[in-house]
Amino acid sequence: MTSEQERFRITVSSAGRTVMSGWWADERVARDKFRDWIGSHRDLVEPHFTLSDQNDGTLLTSWPEEP
C-alpha cells in the first residue's frame, strides 16, 4: 500500500517507454492533470496515458482507451 499523498498515479509513455509520471492525493486533481497532460503531450510518438489508484492497483482510465 502507498501513502495517501501518492495514491493516484499518472504514467505517460511514448513508444512503449515511460517518459514521465506523477502522483496526487486527490482523485479530482489527478483526473484534471490527466486531461491536461493529454492536451500537452499528445504529440509524443505512440503516446499512452494511464491513471491508476495505487492503493488497490485499479486502472481508472487510459488514453487512448484500452480495448
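**Exercise 1. Determine how many aromatic pairs the structure holds, and describe the pair formed by Trp24 and Trp37.**

*Solution.* The structure, a predicted model, holds two aromatic pairs. Rings of Phe, Tyr and Trp (its six-membered ring) pair if their centres lie within 6.5 Å; planes under 30 degrees apart count as stacked, over 60 as edge-to-face and the rest as tilted. One of the pairs is formed by Trp24 and Trp37, with 5.5 Å centre to centre and 75° between the planes, hence edge-to-face. This pair links distant parts of the chain: Trp24 belongs to strand β2 and Trp37 to helix α1, 13 residues apart. Helices (H or I, at least four residues) and strands (E, at least two) are DSSP runs, numbered from the N terminus. Both Trp24 and Trp37 are buried (under 20% relative accessible area; exposed is over 50%, partly exposed in between, with a 1.4 Å probe and protein chains only).

Residues are numbered from 1 along each chain as its sequence is written. Local features need pLDDT of at least 70 and side-chain atom pairs count only at pLDDT 80 or more, while totals for chains, interfaces and linings use all residues; side-chain values use heavy atoms, leaving out hydrogens and water.

**Exercise 2. Compare the span of helix α1 with its expected value, and locate its buried and exposed residues.**

*Solution.*
1. Helix α1 comprises 15 residues (27-41) and, at 1.5 Å a residue, should span 21 Å. The expected span is 1.5 Å times one less than the number of residues. The end C-alpha atoms of α1 are 20 Å apart, which agrees.
2. Ala30, Phe34, Trp37 and Ile38 are buried in α1. Seen down the axis of α1, the buried residues fall within an arc of 100°, so they line one face of the helix; the arc is that of the directions from the helix axis to the C-beta atoms.
3. On the other side of α1, Arg28, Arg35, Gly39 and Ser40 are exposed.
4. The cover over the buried residues of α1 includes β1 (8-14), β2 (17-24), β3 (47-53) and β4 (58-63).

**Exercise 3. Characterise the surroundings of Ser62.**

*Solution.*
1. Ser62 lies in strand β4 and, at 7% relative accessibility, counts as buried.
2. Not counting residues up to four places away in sequence, Ser62 touches Phe34, His48, Phe49 and Thr50, where contact means heavy atoms within 4.5 Å.
3. A polar atom of the Ser62 side chain lies 3.5 Å from the backbone oxygen of Pro64.

How values were computed: A polar contact is a pair of N or O atoms within 3.5 Å; within protein, one must be able to donate a hydrogen and the other to accept it, and residues adjacent in sequence count only if both atoms are side-chain atoms.
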